[in-house]
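Welcome! Here is a short briefing on how nonpolar and aromatic side chains come together in one protein model. Have a look at the structure first, then read on.

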Amino acid sequence: MSLKVFLEVVEIKTKIASVFPFLVGALFSATFYHSFHLGYTLLFFVAMLIFDLTTTAINNYMDFEKAHSKTYKYQENVIGRENVSPRLVRQMIVAMLIIAAVLGFILAYQTGWLLLVLGFVCCFIGVFYTYGPIPLSRMPLGEVFSGVTMGLGITAMVVYINTTSPEIMYLNLDIASGKFSLTGNFWLVAALVLAAVPLICTIANIMLANNLRDLETDIKNHRYTLVYYIGREHGIHLFSYLMYASYVAILAGVILQVFSWPLLLVFLTLPKVRQNLAAHKKELPAPHSFVYALKNMVLFNSAYVICLGLSLVWQLLS
């Protein structure tokens, strides 16, 4: 397998979706919790990226194995189109899973048991999102699982490794006695969830846009996604609502003093986002329509990250 084919199997171009929660988690830790650990953060990034590559490879492998359409299997799916050995893909997936798991255990040993729990839940969803007799991605909850796992899960783990404080969230475990206790502060965790809402919505919209575009193809391949049940028209409305909910979360965060005033600059992206929403609706179900979901995700979250960075600078100068 050439490097070019490998990068297509793992869809390296889509990894920006996991980078944004990572950056938001790191910056939110510094601005709201006033805590940051560079070593843990870099190690987590490597483990997160490898696991993200793994889940995408699993997705392409399972789509190849379960495809009912010969056209899709041998002309559209990269494994069939490039004549890649399925056995080699399986071996690659196992190797990446092992590497990600080892790095995860190292981090959990350094920071605490809660990271292991959070990581296990996210990894479980990530693997069975596309693997198994009934993958989660082929169910009407694909958007929920992808948005929450990446948007909230990654953000929460990054915050945890940078804080590891019982005052925020911490799991005490005594293996000898079998006793454990989960401690934390509801309002501090609620602030974390609020900060993750824009990420949850924009990442869920990536999956939703994909399903809106591929509705007919998915039905042929026996993939009954959310759009199949609610219809394309209602799916388009949901796509817009999720995007606008991201702005509502930012405004609520500023009002509740979870964010500093620079986050209001995110609203400068609203006119372009509205334009992209209109273009997306007009072009469906053309393949190019999916691009507008990516544009909105990158535009909004780039502004989100930049404004968190400005907040950090503002705090340091104040």
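Two rings of Phe, Tyr or Trp (its six-membered ring) count as a pair if their centres lie within 6.5 Å. With that in hand, a search of this whole structure, which is a predicted model, finds 15 aromatic pairs.

**Aromatic rings**
- In one pair, the ring centres of Tyr224 and Tyr228 are 4.9 Å apart and the planes meet at 55°. Planes under 30 degrees apart count as stacked and over 60 as edge-to-face, so this pair is tilted.
- Are these two tyrosines buried or exposed? Tyr224 is partly exposed, at 30% relative accessible area, and Tyr228 is also partly exposed, at 40%.
- One aromatic cluster is formed by Phe28, Phe32, Tyr33, Tyr247, Phe259, Phe267, Phe300 and Tyr304.
- Phe290 has a charged partner: the end of Arg213 sits over its ring, 4.9 Å from the centre.

**Nonpolar cores**
- In soluble globular proteins, nonpolar side chains tend to be buried together.
- The largest nonpolar core here has 64 residues, and Phe28, Phe44, Phe259, Leu263 and Tyr304 have the most contacts inside it.
- Helix H9 (residues 186-213) gives this core its largest share, twelve residues.
- Where does this core lie? Both domain 1 (14-23 + 32-164) and domain 2 (185-317) contribute residues, so the core lies between them.
- A second, separate core has 22 residues, including Ala47, Phe51, Ile58 and Val84.

**A closer look at Phe259**
- Setting aside neighbours within four places in sequence, the contacts of Phe259 include Phe28, Ala195, Val254, Tyr304 and Leu308.

Terms used:
Residues are numbered from 1 along each chain as its sequence is written. This is a predicted model: local features need pLDDT of at least 70, side-chain atom pairs count only at pLDDT 80 or more; totals for chains, interfaces and linings use all residues. Side-chain values use heavy atoms; hydrogens and water are left out. A nonpolar core is a set of buried Ala, Val, Leu, Ile, Met, Phe, Trp, Tyr and Cys residues joined through side-chain atoms within 4.5 Å. Buried means under 20% relative accessible area, exposed over 50%, partly exposed in between (1.4 Å probe, protein chains only). Helices (H or I, at least four residues) and strands (E, at least two) are DSSP runs, numbered from the N terminus. Domain bounds come from an automatic or database domain assignment. Contact means heavy atoms within 4.5 Å. A charge sits over a ring if NZ of Lys or CZ of Arg is within 6 Å of the ring centre and within 35 degrees of the ring normal.
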